[in-house]
Amino acid sequence: MKRLHKGYLVALLLVICIVLYLQSTFIYCFLQRCSLKDKYDADFDYSSLITDPGIMFVQTTNEVEPTPLAVCAVESAARENPDKPVYYFMKGLSGNLSQYPFPQYVAAPMLSSIKNVVLVPLRLKALFQNTPLSFWYQQVNPYRQQYWIHVLSDACRLAVLWKYGGIYLDTDIISLKPLQFTNFICAEGYMTANGAALGFQDHHQFMWDCMEDYVINYNGQIWGQQGPHLISRVLKHWCQSDNLGKFLDLQCNGISYLSPRYFYPIKYTEWQRFFQPWNKNDIESFFSDTKGVHIWNFKNVGQQKRVVAGSGTLIENLFIKYCPTTYKVLVKRSSFIQ
């Protein structure tokens, strides 16, 4: 009988130890701003998924059903660049696509059916490993960052291009023409660069410089500090000049500095033009030199402007021509907010 009680006592102590261990691990992860799953993300292997340089998109929210605009961005890039892989990194995605069956999910099955689209789980520790961003990511507290989704996206694009090379595009850029793999940055204005569209070969020194600047000058409370401001800062240093305007449509130490017409023909202050009616002939003429048009979707937050079937707006015309499947499946089926 005593042996039986002793066995119960040992089992109880074992259970208590396990509970305390799990609890301490959870508390440690909470204090370190991580999840239990995140502890194992550093071991994630991208090599079997990313086999060639491609066009890269990154989604840093946990959503597994992307917005119609994001789906359009990926579809249009795949259509305009059928010879290139298009990688869509999604933070909320598991490695098993069978977990997102149609009709419960629409976007993921649709994108995965496009032959040159690869849906990739975004594992942050693995992505930042062996870069200057690794220590920053382990120390930063997301809950204290006003623009966390955006600053995380700013970090991811730098690490993705450093490690794998290719072309990075924001998920609110609709591709209009094929893209070439060259080292390029596009100007947002005469004196300001932007990081919504970037092209670099893997392990390019400019990307490493950007990651170092990201960590040294990090301030998550200033909009654009790790985005356009960072790209502009590093490019000025790279070109050894504060006057970026003189490099428009020229090369600076091996980097092409494209004028705004390539990706930002409509300024962010005029973003509502996308939701106004346009003549199709005017669209062809206005975007004749544009490779991909940036919709400036962050300006639409709270505005809830939509792609409305039959409206004749610029955004609807872009959907119809450059991402027809997205338009047919997601827009015409219901009224989705971008």
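The questions and answers below concern the disulfides and nonpolar cores of a predicted model.

Biologist: How many disulfides does a search of the whole structure find?

Modeller: A disulfide is a covalent bond between the sulfur atoms of two cysteines. In one pair, Cys 72 and Cys 323, the sulfur atoms lie 2.0 Å apart. Cys 239 and Cys 252 form a disulfide as well, also with 2.0 Å between their sulfur atoms. The search of the whole structure gives a total of two.

Biologist: How many residues apart are Cys 72 and Cys 323?

Modeller: The link between Cys 72 and Cys 323 is left-handed, with -85° about the S-S bond. It joins distant parts of the chain: Cys 72 sits in helix H2, and Cys 323 sits in the loop between helix H10 and helix H11. Their separation in residues is 251.

Biologist: Is Cys 72 buried or exposed?

Modeller: Buried means under 20% relative accessible area. Cys 72 has 0% relative accessibility, so Cys 72 counts as buried.

Biologist: Which pattern do the disulfides of the protein chain follow?

Modeller: The bonded cysteines are counted along the chain. Cys 72 pairs with Cys 323, and Cys 239 pairs with Cys 252. The pattern is therefore, with the cysteines counted in this way, 1-4, 2-3.

Biologist: Which helix gives the most to the largest nonpolar core?

Modeller: That core has 57 residues, and Ile 174 is one of those that touch the most other members. Among the contacts of Ile 174 are Leu 69, Cys 72 and Ser 76. The helix that gives the most, with eight residues, spans residues 68–80 and is H2.

Note on methods: Residues numbered from 1 in each chain as written. Predicted model: local features only at pLDDT ≥ 70, side-chain atom pairs only at ≥ 80, totals over all residues. Heavy atoms only, no water. Core = buried A, V, L, I, M, F, W, Y, C linked by side-chain atoms within 4.5 Å. Buried < 20%, exposed > 50% of the residue type's maximum accessible area, 1.4 Å probe, protein only. Helix = DSSP H or I, 4+ residues; strand = E, 2+ residues; numbered from the N terminus. Contact = heavy atoms within 4.5 Å. Disulfide = S-S within 2.5 Å. Lists of a residue's contacts leave out its neighbours within four places in sequence.
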